[in-house]
Amino acid sequence: MSFSTSARLRAFAGAGLVLTGALTLAACGKERAPESTAGARPSASASGVGASPYVEPGAGDGAPHYNENNAYRQSGDMSPAHAKDAEREAERIRPVLKRLWEQRKWEPSAVRSALLRLGYEEERITKDGKRLGGTLTVREMFSRYENDGYVTPEGALVALRVHDDACVSAFVQKSNYEVETNGPYPETGCFEPPYGH
């Protein structure tokens with residue numbers, strides 16, 4: 001049985017495509033020195049990796065849609081007056097957390113008791129998210145994935161709602177403590193959301 005000319009050409013073209021694909025895969029990820037300047041660093045085009053065609057203003061790593069993908073980790077803006085109020089409350093909370101940390105007391109119940117003595121009232125929220133009163137929330141740390149399972153580290157997270165647009169966020173744990181001011185986060189209110197989404 002003989003192949004027709006068109007069948008032979010199709011077989012030859014198919015073999016060429018397979019060879020081209022194999023060569024492309026073999027070269028994948030390899031950088032080549034630029035041909036025009038010896039010893040120069042490879043450019044983005046020389047390495048086969050081009051720069052992103054779109055970079056959002058303020059994008060952390062320059063990735064397209066960085067701000068959109070990380071919007072849940074960006075706190076809202078505070079008015080200048082409310083930012084001052086939040087900083088004033090942070091200055092009240094900071095020495096209490098420092099004392100608790102030095103005493104190695106970072107369980108949520110101890111932290112809550114100490115902060116309630118400053119005159120704050122626990123925040124009350126309905127199941128559908130409506131706030132009923134109070135401004136202080138103290139909870140356990142966010143759990144994280146370790147060694148094939150989720151663990152909740154020792155420590156306490158603190159959120160104080162100073163105004164609708166102003167918060168004090170804090171934590172105390174074995175290694176350290178921190179108190180800062182911020183606007184609320186879209187999904188977690190005054191608490192800074194954990195990484196991952």
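How much accessible surface does the protein chain have, and what share of it belongs to carbon and sulfur atoms? The accessible surface comes to about 13,500 Å², and 55% of that belongs to carbon and sulfur atoms. Please keep in mind that what you have on the screen is a predicted model.

I will start with confidence. The protein chain has a mean pLDDT of 75, with 60% of its residues at 70 or more. The stretch to treat with care is residues 17–48, where pLDDT stays under 50. For that stretch the model has 12 contacts beyond four places in sequence.

Now the general layout. The chain has 197 residues, and buried residues make up 26% of them. Its secondary structure comes to 4 helices and 8 strands. If you read along the sequence, the pattern is α-α-α-α-β-β-β-β-β-β-β-β, so to follow DSSP's numbering you count helices and strands from the N terminus. Of the contacts between residues at least 6 apart in sequence, 44% join residues at least 24 apart.

Next, the sheet. Four of the strands form an open sheet in the order β3-β6-β7-β8, and the pairing is antiparallel. The edge strands are β3, residues 136–140, and β8, each of which pairs on one side only. From one strand to the next the twist averages 15°.

Let me go across the sheet pair by pair. β3 pairs with β6 in the antiparallel sense, over 5 bridges. One of the residues in that pairing is Glu140, whose bridge partner in β6 is Ala156. Two helices pack on this sheet. Helix α3 touches β6, β7 and β8, and its direction makes about 170° with that of β8. Helix α4, residues 108–116, touches β3, β6 and β7, and the direction of α4 makes about 165° with that of β3.

Moving on, strand β6, residues 156–163, runs antiparallel to β7, and 7 bridges join them. Ala156 comes up again here: its bridge partner in β7 is Val172. β6 and β7 form a hairpin, with 2 residues between the strands. On the other side of β7, 6 bridges join it to strand β8, residues 177–182, again antiparallel. In that pairing Ser169 stands opposite Glu180 in β8. β7 and β8 also form a hairpin, this one with 4 residues between them.

Why is β7 described as largely enclosed by the rest of the structure? The reason is that 7 of the 7 residues of this strand, residues 166–172, are buried. That holds for the side chains pointing either way. Ala166, Val168, Ala170 and Val172 point one way from β7, Cys167, Ser169 and Phe171 point the other way, and all are buried.

Three individual residues are worth a look. The first topic is Arg161, which sits in strand β6. Is Arg161 buried or exposed? Arg161 counts as buried because its relative accessibility is 15%, and the cut-off for buried is under 20%. Its side chain makes a polar contact of 3.3 Å with the side chain of Glu123. Leaving aside neighbours within four places in sequence, Arg161 is in contact with Glu123, Arg131, Thr135, Ala166, Pro184, Gly189 and Cys190. Ala166 in that list is also one of the buried residues of β7.

Then there is Asp85, found in helix α3, residues 80–102. Which residues does Asp85 touch, not counting those up to four places away in sequence? They are Val162 and His163. With His163 there is a side-chain to side-chain polar contact of 2.7 Å. His163 lies within the span of β6, residues 156–163, and β6 is one of the strands that α3 touches.

The last residue is Pro193, in the segment after β8. Pro193 has 5% relative accessibility, so it counts as buried. How far apart are Pro193 and Phe142, in sequence and in space? They are 51 residues apart in sequence and 8.6 Å apart in space, C-alpha to C-alpha.

To recap for the discussion: the sheet order is β3-β6-β7-β8, helices α3 and α4 pack on the sheet, and residues 17–48 have pLDDT under 50. That is what I have.

Technical notes. Residues numbered from 1 in each chain as written. Predicted model: local features only at pLDDT ≥ 70, side-chain atom pairs only at ≥ 80, totals over all residues. Heavy atoms only, no water. pLDDT = per-residue confidence, 0-100. Contact = heavy atoms within 4.5 Å. Polar contact = N/O pair within 3.5 Å; in protein donor to acceptor, adjacent residues only side chain to side chain. Buried < 20%, exposed > 50% of the residue type's maximum accessible area, 1.4 Å probe, protein only. Areas by Shrake-Rupley, 256 points an atom, 1.4 Å probe, with all protein chains shown as cover. Pairing = 2+ DSSP bridges. Axes fitted to C-alpha atoms, helices over the stretch in contact; angles between N-to-C directions.
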